[in-house]
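Subject: Handing over the model

Hi,

Here is the structure I promised you, ready to load into your viewer. My notes on what turned up follow below it.

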Amino acid sequence: DRDGDFSIFSPKGSLLQQSELSYQNSPVCCPVAYEKTLWCVVPDRNAIINYSIEEGRVLLRIGGGSQNAFDHPTSISLINGKIYVCNSGSGKIRTVQVENSTYAVADYRIFDEPVHKYFRIDSKEYVLLDSGVYEI
């Protein structure tokens, strides 16, 4: 959840692990599973991280520090080997290419207001902005 509380459940619904996930003392949220890792946003650090459940550690960070890749990222989606990062601070959806491990960051869509969620259903794209949900 948004406070960094993290739970892993078995396929039958039994709780396997519960912990608090943070990065540089900031809560991590909105996990998306990719292979054997999780990609998550760290809104307070303007970053996303790749976290290994097996190793219990962060494998990679993109953004944060002196990097301006993200501006208060709020959620991520993983579609066809790309991560779509919604940034409420800049009104941008940015992509990160993860499938071939280049991790190149690029603008995908830019809005005039904070963007909170992005998702696709079949070939239709939707976005949640401050003013509502829109098909784009």
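To start with a detail: which backbone oxygen lies 3.4 Å from a polar atom of the side chain of Gln-97? The backbone oxygen of Gly-81 does. This counts as a polar contact, that is, a pair of N or O atoms within 3.5 Å, where within protein one must be able to donate a hydrogen and the other to accept it, and residues adjacent in sequence count only if both atoms are side-chain atoms.

Before the rest, a word on conventions. This is a predicted model, in which local features need pLDDT of at least 70 and side-chain atom pairs count only at pLDDT 80 or more, while totals for chains, interfaces and linings use all residues. Residues are numbered from 1 along each chain as its sequence is written, and side-chain values use heavy atoms, with hydrogens and water left out.

**Around Gln-97 and Val-98**

Gln-97 belongs to strand β11 (strands are DSSP runs of E, at least two residues, numbered from the N terminus). Its relative accessibility is 18%, so Gln-97 counts as buried; buried means under 20% relative accessible area, exposed over 50%, and partly exposed in between, with a 1.4 Å probe and protein chains only. Leaving aside residues up to four places away in sequence, Gln-97 touches Gly-81, Lys-82, Thr-102, Tyr-103 and Ala-104, where contact means heavy atoms within 4.5 Å.

Val-98 sits in the loop between β11 and β12 and is buried, at 3% relative accessibility. Gly-81 appears here too: the C-alpha atoms of Val-98 and Gly-81 are separated by 5.7 Å, although the two residues are 17 apart along the chain. Again not counting residues up to four places away in sequence, Val-98 touches Tyr-34, Trp-39, Leu-78, Gly-81, Ile-83 and Tyr-103.

**Two open sheets**

One open sheet has 4 strands in the order β5-β6-β7-β8, with antiparallel pairing; two strands pair if DSSP finds at least two bridges between them. Its edge strands, each pairing on one side only, are β5 (29–34) and β8 (57–63). On average, neighbouring strands of this sheet are turned by 25 degrees against each other, direction ignored. Such angles come from lines fitted to C-alpha atoms and run from 0 to 180 degrees between N-to-C directions. Between β5 and β6 (residues 37–42) there are 4 bridges in the antiparallel sense, and Tyr-34 stands opposite Thr-37 in β6.

Another open sheet, also of 4 strands and antiparallel, runs β9-β10-β11-β12. Here the edges are β9 (73–79) and β12, each pairing on one side only. Neighbouring strands of this sheet are turned by 25 degrees on average, direction ignored. β9 and β10 (residues 82–87) run antiparallel and are joined by 6 bridges, with Tyr-84 in β10 as the bridge partner of Ser-77.

**Aromatic pairs**

Rings of Phe, Tyr and Trp (its six-membered ring) pair if their centres lie within 6.5 Å; planes under 30 degrees apart are stacked, over 60 edge-to-face, and the rest tilted. The count comes to 5 aromatic pairs. In one of them, the rings of Trp-39 and Tyr-103 have centres 6.1 Å apart and planes at 50 degrees, so the pair is tilted. Because Trp-39 lies in strand β6 and Tyr-103 in the loop between β11 (92–97) and β12 (105–110), the pair ties together parts that are 64 residues apart in sequence. Trp-39 is buried, with a relative accessible area of 2%, whereas Tyr-103 is partly exposed at 31%.

Ring pairs also link Tyr-84, Tyr-108 and Tyr-118 into a cluster. Arg-109 lies over the face of Tyr-108, 5.3 Å from the ring centre; the rule asks for NZ of Lys or CZ of Arg within 6 Å of the ring centre and within 35 degrees of the ring normal.

**Glu-125 and its hairpin**

How buried or exposed is Glu-125? This residue of strand β14 is buried, with a relative accessible area of 10%. The side chain of Glu-125 makes polar contacts with the side chain of Tyr-108 at 2.3 Å and with that of Tyr-118 at 2.5 Å. β14 (residues 124–129) and β15 (residues 132–135) run antiparallel, joined by 4 bridges, and a hairpin connects them through 2 residues. Tyr-126 has Glu-135 in β15 as its bridge partner.

Happy browsing, and best wishes!
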